[in-house]
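Let's take a friendly walk through a small set of structural features. Have a look at the sequence and the model first.

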Amino acid sequence: MADFIDGEMPSELCDEIEKHIGQCNNCRIMVDTMRQTVHLCREGKEEKLPPAIEAKLIGLLKARWDKKFGHS
């Protein structure tokens, strides 16, 4: 899928995928989401979270980590 999104796939195969996603809403949403994610990762700028939100996010991630892997 990365090759498709990056335009590095043979054109015949791209045409088939484009035809499919033109008819399949779920696949179109998935491809659009992947394209946006790639774009944001490549072009996006770093944003600083407000301290309260950053602390809450870190706490939630730590709680999930501890639940899955035990206390770190």
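What follows covers a helix pair, a nonpolar core, an aromatic pair and a few exposure values.

Keep in mind that this is a predicted model, where local features need pLDDT of at least 70, side-chain atom pairs count only at pLDDT 80 or more, and totals for chains, interfaces and linings use all residues. Residues are numbered from 1 along each chain as its sequence is written, and side-chain values use heavy atoms, with hydrogens and water left out.

Start with helices α2 (residues 11-23) and α3 (residues 25-43): their axes come within 5 Å and cross at roughly 115°. Here, helices are DSSP runs of H or I with at least four residues, numbered from the N terminus. The axes are lines fitted to C-alpha atoms over the stretch in contact, and angles run from 0 to 180 degrees between N-to-C directions.

Who meets whom? On the α2 side you'll find Glu-18, His-20, Ile-21 and Gln-23, and they meet Asn-25, Cys-27, Arg-28, Val-31 and Arg-35 in α3. Contact just means heavy atoms within 4.5 Å. The residues of this contact split into three nonpolar, three polar and three charged. In that count, Ala, Val, Leu, Ile, Met, Phe, Trp, Tyr, Cys and Pro are nonpolar, Asp, Glu, Lys and Arg are charged, and the others, Gly among them, are polar.

Ile-21 is a good one to follow: leaving out residues up to four places away in sequence, Ile-21 touches Phe-4, Cys-27, Arg-28 and Val-31. Ile-21 also belongs to the largest nonpolar core, along with Phe-4, Ile-5, Met-9, Cys-14, Ile-17 and Val-31, seven residues in all. Such a core is a set of buried Ala, Val, Leu, Ile, Met, Phe, Trp, Tyr and Cys residues joined through side-chain atoms within 4.5 Å. Helix α2 gives the most to this core, with three residues.

Now for the rings. A search of the whole structure turns up one aromatic pair. Trp-65 and Phe-69 form this tilted pair, 4.4 Å centre to centre with 50° between the planes. Rings of Phe, Tyr and Trp (its six-membered ring) pair if their centres lie within 6.5 Å; planes under 30 degrees apart are stacked, over 60 edge-to-face, and the rest tilted. Both residues sit in helix α4 (residues 51-69), four residues apart, about one turn of the helix.

How exposed are some of these residues? Buried means under 20% relative accessible area, exposed over 50%, and partly exposed in between (1.4 Å probe, protein chains only).

| Residue | Relative accessibility | Class |
|---|---|---|
| Arg-28 | 36% | partly exposed |
| Trp-65 | 48% | partly exposed |
| Phe-69 | 51% | exposed |

Notes
Helices (H or I, at least four residues) and strands (E, at least two) are DSSP runs, numbered from the N terminus.
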